[in-house]
Amino acid sequence: MIPNSPLWGIDLGGTKVEGVIIDPQNPSVPLQRLRRDTGVVHGYEHILSQILSVVRDLEVASGLSRPARIGIGTPGIVNPATGSLKNSNTTCLNGRPLRDDLATAWNCEVVMANDANCFALAEAICGAGRNAKVVHGLILGTGVGSGIVIQGKVLNGHHGIAGEWGHNPLCGESRLCYCGRKGCVETVIAGPSLERYYHENGGDKVRLPEIVRRAEAADSLAIQTMEVLRAKFAEAIAAVINILDPDVIVVGGGVGNVPLLYEETTRAAILRHLFNSEITTRIVPPQLGDSAGVFGAALLTA
């Protein structure tokens, strides 16, 4: 059952801490929304104080008292065994009891999830995956991650790592990943990885949107780079479809803006890896833009 009282959420990113209050009956239109700089270089205690400040500011701006539950999306996941954060690229958060520290400071329950899970939840409830039973929300950007939402609920998994498709190996790939393994999806089709491929094969150092533009203008190396994206995205996402078989795949992040991902040629490339004779899975861009993370954090508390 969807509650009637407003939902509060925090999106903790590497550059900003964003807070929102939403009406659960109309979640895509925020009642209040504000942000502060994260200040990662100043360490854990500073980040904690920034999060607390955002909630205080929401209280002042809305005239409401903070609720009994607050949702927060983080660049990492909570270790179910210890309650501390792990796998965060904001490394000063790793090993720290962020959820418990916030719950103590606020004297309320804190519901925490990976930022990709929040993205997937928001798109499943009020975005491109609305009314679908199983939604797989991808973030293809500087890194690669995803979240899984089943019947409106985030799937966290036994170890808290459900959806971490960015750290599965791809055939024939051997580049070392920051996680310590080789050939991860993230080392091949993340934005910086595609830019590196273009540069290492003779192109100049340019950002992905420029490579896409050059491919459209018939630059042969740019076209080759886009074909790497097509082939490796197809291989990687086919494995997910074989296991999860979602109704909808929503592709967010900067790489998700590349039109090639939604072409019939890409669907045909995916089909070659599937244990099925057809592919009817919807693969679509997001509808909520950069609102998805913070809206999903609030929806964690519904």
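The residues that line the largest cavity divide into 3 nonpolar, 5 polar and 1 charged. This tour of a predicted model starts at that cavity, proceeds to the largest pocket, and then visits three pairs of packed helices.

**Stop 1: the largest cavity**

Select I77, N114, N117 and S146, and then add G160, I161, A162, G163 and E164; together these residues form the lining of the largest cavity. The space enclosed there amounts to about 40 Å³. How many cavities of 30 Å³ or more does the structure hold? There is 1 of that size.

**Stop 2: the largest pocket**

Next, turn to the largest pocket, which contains about 1500 Å³ of space. To find its centre, select N89, D115, I139, T142 and G143, the closest to that point among the 46 lining residues. Then colour the elements that each give two or more residues to the lining: strand 1 (7-12), helix 3 (115-126), strand 9 (144-150), helix 5 (191-200), helix 6 (208-216) and helix 9 (292-299). Colouring the lining of this pocket by class will show 16 nonpolar, 21 polar and 9 charged residues.

**Stop 3: helix 5 against helix 7**

Keep helix 5 selected and add helix 7, residues 220-244. The axes of these two helices come within 10 Å and cross at roughly 140 degrees. Why are helix 5 and helix 7 described as oblique to each other? An angle over 145 degrees would count as roughly antiparallel and one of 65 to 115 as roughly perpendicular; the crossing of roughly 140 degrees fits neither description, and helix 5 and helix 7 are therefore oblique. The crossing of helix 5 with helix 7 is right-handed. To display the contact, show the side chains of L194, Y197 and Y198 on helix 5, and those of L221, A222, Q224, T225, V228 and L229 on helix 7. By class, this contact of helix 5 with helix 7 comprises 7 nonpolar and 2 polar residues, with no charged ones.

**Stop 4: helix 6 against helix 7**

Leave helix 7 in view and select helix 6. The axes of helix 6 and helix 7 lie 7 Å apart, and the packing angle is about 115 degrees. Helix 6 and helix 7 are therefore roughly perpendicular to each other. Helix 6 passes helix 7 with a left-handed crossing. On helix 6, select L208, I211, V212, R214 and A215; on helix 7, the residues that they meet are A222, I223, T225 and M226. The contact of helix 6 with helix 7 has 7 nonpolar residues, 1 polar and 1 charged.

**Stop 5: helix 1 against helix 2**

Finally, select helix 1 (residues 44-62) together with helix 2 (residues 98-106). What is the angle at which helix 1 and helix 2 pack? The angle is about 45 degrees, and the axes are 11 Å apart. Helix 1 is therefore oblique to helix 2. The crossing of helix 1 with helix 2 is right-handed. Show Y44, L48, I51, L52 and V55 from helix 1, and opposite them L98, D101, L102, A105 and W106 from helix 2. Of the residues in the contact of helix 1 with helix 2, 9 are nonpolar, none is polar and 1 is charged.

Technical notes: Residues are numbered from 1 along each chain as its sequence is written. This is a predicted model: local features need pLDDT of at least 70, side-chain atom pairs count only at pLDDT 80 or more; totals for chains, interfaces and linings use all residues. Side-chain values use heavy atoms; hydrogens and water are left out. On a 1 Å grid over the protein atoms alone, a cavity is a set of points where a 1.4 Å probe fits but cannot get out, and a pocket is an open set with protein on both sides within 12 Å along at least five of seven lines; lining residues have an atom within 4 Å of a point. Grid points are joined across faces, edges and corners, and a volume is the space filled by probe spheres set on the points. Helices (H or I, at least four residues) and strands (E, at least two) are DSSP runs, numbered from the N terminus. Ala, Val, Leu, Ile, Met, Phe, Trp, Tyr, Cys and Pro count as nonpolar, Asp, Glu, Lys and Arg as charged, and the others, Gly among them, as polar. Axes are lines fitted to C-alpha atoms, for helices over the stretch in contact, and angles run from 0 to 180 degrees between N-to-C directions. Angles under 35 degrees count as roughly parallel, over 145 as roughly antiparallel, 65 to 115 as roughly perpendicular and the rest as oblique. A crossing is left-handed if the near helix is turned anticlockwise from the far one by less than a right angle, and right-handed if clockwise. Contact means heavy atoms within 4.5 Å.
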